[in-house]
Amino acid sequence: MTITDLKGWTSAFSAALGATDRSALAALFTPTSLWRDILAVSWNLVTVEGADAIVDMVLEMQPQVHLGEISTSAAPGALEGWITFENAFGRGTGYVRLDGGVCLTILTALQSLTGHEEAIGRLRAIGTGRADDKRNWLERRQQEAAELGREIPPYVIIIGGGQGGLALGARLKALGVPCLIIDRHPKVGDQWRSRYKSLTLHDPVWYDHMPYLPFPENWPVYTPKDKMGDWLEHYARIMELDVWTSTECTSASYDATDRQWTVNLMRDGEKFAIRAPHLVMAVGNAGFPNIPAFEGAETFRGTLNHSSQHPGGEGYEGKRVAVIGSNNSAHDICADLVANGAHVTMIQRSSTLIVRQKTMQNVLLAALYSQEAVDQGITTESADLLVASMPLRTQEAYQKQIWQGIRAMDADFYASLENVGFQLDFAEDGSGMAMKYQRTASGYYIDVGASDMIINGRIALRSGVGVKQIVEDGLILSDGSHLAADAIVMATGFGSMDEWVARLISPEVAARIGKCWGYGSGVVGDPGPWEGELRNMWKPTAQPGLWFHGGNLAQSRFYSRYLALQLKVRHAKLPLPIYGEPR
């Protein structure tokens with residue numbers, strides 16, 4: 001049978017799967033085909049490459065997951081489009097791209113668990129309570145909050161009450177999984193409020209919605225950090241999340257016999273422990289501040305801070321400030337200092353990728369995350385799935401093409417930066433910011449004005465040099481020159497998420513789990529082997545009951561669904577075959 005469109009391909013796939021026909025299944029793929037599966041076949045997050053490996057996964061898992069007929073509403077002749085399916089656990093959706101009658105890429109993503117659906121839409125709570133219960137909603141909610149973590153143990157403990165922890169908490173709440181969120185700040189949102197004064201989200205509002213509760217129509221395109229903090233605080237209250245603030249996790253240990261975590265906490269001066277089967281590290285996508293041990297730092301007479309401690313540019317008028325670093329935070333801090341009358345020098349130790357915010361929005365995001373996309377009927381959910389439907393191999397090739405166009409379009413801008421000595425790169429292989437972010441989550445700046453300050457000299461630049469030592473009145477750079485400074489800000493980034501495991505659990509567990517983030521691209525900072533998915537993120541790790549949830553707002557929104565489903569299926573004690581489970 002000659003396959004000419006997506007309808008023909010889905011029919012052929014369903015027939016071959018029903019007949020358990022290995023050769024017929026393999027004929028629908030090529031040696032370079034990519035299947036990205038999110039829980040639908042693997043009960044894992046995996047990308048499988050090549051016809052043989054794809055068929056191996058499908059046939060190994062089919063006796064347990066019972067993937068049913070795949071259907072599509074794509075028009076006759078369409079070579080790509082949406083698919084829907086059911087399996088033994090629930091319902092799912094996905095996206096397929098064809099070439100010459102065979103599959104180039106396929107995404108399958110489980111969306112809901114049959115019999116354990118989210119309490120939303122038609123399944124939302126009635127809200128009136130029971131006739132035999134005299135408590136009103138407020139009294140019931142207060143009792144629930146008071147008991148969870150004290151009389152009633154949670155099933156999941158989430159460390160971190162930022163956008164990641166709250167998004168996951170909301171998903172678990174909708175699925176009926178008892179969950180307690182731990183955050184060391186006094187109020188939800190303080191993690192954002194405590195950042196440097198000028199910080200504004202560099203991603204647009206359409207990209208940053210939270211689960212269930214999108215930003216209102218009058219929300220600014222780019223969210224100021226304090227407004228973001230307020231939103232998260234109200235989000236937690238509206239979604240009725242159980243968050244313990246002013247609470248710090250001091251350590252955690254796992255009992256393999258009863259499969260329980262013991263999480264030791266300090267809350268308002270009180271020490272106590274809570275037990276739960278699952279522990280989620282939702283502490284962003286980074287570890288602790290990277291604070292280089294510069295020789296002579298103790299002799300410096302001025303103020304020396306890491307960017308995470310920098311309060312903002314107020315009070316620096318007339319002062320000479322050296323900012324070590326050249327990524328997002330460094331640029332934002334430099335621009336804020338200049339606006340407050342400081343004399344600023346950026347020390348660029350290595351090359352940086354720069355993209356104009358307008359270019360990022362118009363070229364990289366507008367098709368899926370913009371008002372125009374919304375007006376064309378593209379929902380946040382469909383946009384997220386379309387992004388997820390591009391496996392990392394495909395993303396690399398696609399992004400290289402996109403960035404060739406960006407470099408040509410903004411050639412004059414980039415030439416102006418290079419003319420003042422700024423060292424540019426566009427990722428080691430030319431694949432741009434999206435791949436840099438997924439490889440190392442560093443090495444770039446989304447330009448919201450600081451680049452022009454560098455071009456016109458308002459921000460002085462020393463590029464291609466490092467810091468040899470700090471002296472009492474400034475710095476000695478690697479070329480031997482002296483840079484006078486009254487203050488130094490180290491915008492030197494953060495470590496990896498697995499640092500939290502080493503500190504809170506043990507170095508041995510951290511070593512067993514391995515690196516978090518990155519996917520084995522082979523570039524500097526992201527060594528192989530190739531993983532096909534971000535390491536240890538949103539999926540089972542080598543440590544039972546330990547999960548990682550992090551990333552930007554879009555990733556927190558999208559992957560919170562799939563991490564919550566994995567936790568729910570365990571909470572419901574459903575049989576759970578896992579393909580590619582870490583050992």
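A crossing of two helices is left-handed if the near helix is turned anticlockwise from the far one by less than a right angle, and right-handed if clockwise. Keep that in mind as you start clicking around.

Before the first stop, note that this is a predicted model, where local features need pLDDT of at least 70, side-chain atom pairs count only at pLDDT 80 or more, and totals for chains, interfaces and linings use all residues. Residues are numbered from 1 along each chain as its sequence is written, and side-chain values use heavy atoms, with hydrogens and water left out.

**Stop 1: α5 and α7**

Select residues 163-175 for helix α5 and residues 225-238 for helix α7. Helices (H or I, at least four residues) and strands (E, at least two) are DSSP runs, numbered from the N terminus. The two helices pack at an angle of about 20°, with 11 Å between their axes. That makes α5 roughly parallel to α7. Axes here are lines fitted to C-alpha atoms, for helices over the stretch in contact, and angles run from 0 to 180 degrees between N-to-C directions. Angles under 35 degrees count as roughly parallel, over 145 as roughly antiparallel, 65 to 115 as roughly perpendicular and the rest as oblique.

Now look down the pair: the crossing of α5 and α7 is left-handed. Show side chains for Q163, L166 and A170 on α5, and for L232, Y235 and A236 on α7, which make the contact (heavy atoms within 4.5 Å). By class, the contact of α5 with α7 has five nonpolar residues, one polar and no charged. For these classes, Ala, Val, Leu, Ile, Met, Phe, Trp, Tyr, Cys and Pro count as nonpolar, Asp, Glu, Lys and Arg as charged, and the others, Gly among them, as polar.

**Stop 2: a salt bridge along α7**

Stay on α7 and pick E233 and R237, which lie four residues apart, about one turn of the helix. They form a salt bridge, with the closest N and O atoms 3.8 Å apart. The term means a side-chain nitrogen of Lys or Arg within 4 Å of a carboxyl oxygen of Asp or Glu. E233 counts as buried at 18% relative accessibility, whereas R237 is exposed at 53%. Buried means under 20% relative accessible area, exposed over 50%, and partly exposed in between (1.4 Å probe, protein chains only).

**Stop 3: R439 and D429**

Next, zoom to R439 in helix α14 (residues 432-440) and D429 in the loop between α13 (411-419) and α14, 10 residues apart. Their salt bridge has its closest N and O atoms at 2.8 Å. R439 is buried, with a relative accessible area of 3%, while D429 is partly exposed at 28%. Back around α7, salt bridges that share partners join D190, R193, D230, E233 and R237 into one network. The salt bridge count comes to 27.

**Stop 4: α9 and α12**

Select 357-365 for α9 and 392-409 for α12; they pack at about 140°, with axes 11 Å apart. The two helices are therefore oblique to each other, and their crossing is right-handed. T359, V363 and L364 in α9 meet Q399, I402, W403, I406 and M409 in α12. The residues of this contact divide into six nonpolar, two polar and no charged.

**Stop 5: α11 and α18**

Select 380-388 for α11 and 553-571 for α18: the axes come within 10 Å and cross at roughly 80°. That makes α11 roughly perpendicular to α18. Turn on T380, E381, D384, L385 and A388 in α11, which meet R557, F558, R561 and Y562 in α18. This contact divides into four nonpolar, one polar and four charged residues.

**Stop 6: the loop between α17 and β23**

What does Q543 touch, not counting residues up to four places away in sequence? Select Y254, W261, V509, R512 and I513 to see. Q543 sits in the loop between α17 (507-513) and β23 (546-548) and is buried, with a relative accessible area of 4%.

Some backbone oddities close the tour. Most residues other than glycine have a negative phi, and most peptide bonds are trans. In this loop, the peptide bond from G528 to P529 is cis, with omega near 10°. W538, in the loop between α17 and β23, has a positive phi near 65° and is buried at 2% relative accessible area. Finally, jump to E240 in the loop between α7 and β8 (243-244): its phi is near 55°, also positive, and E240 is partly exposed at 24%.
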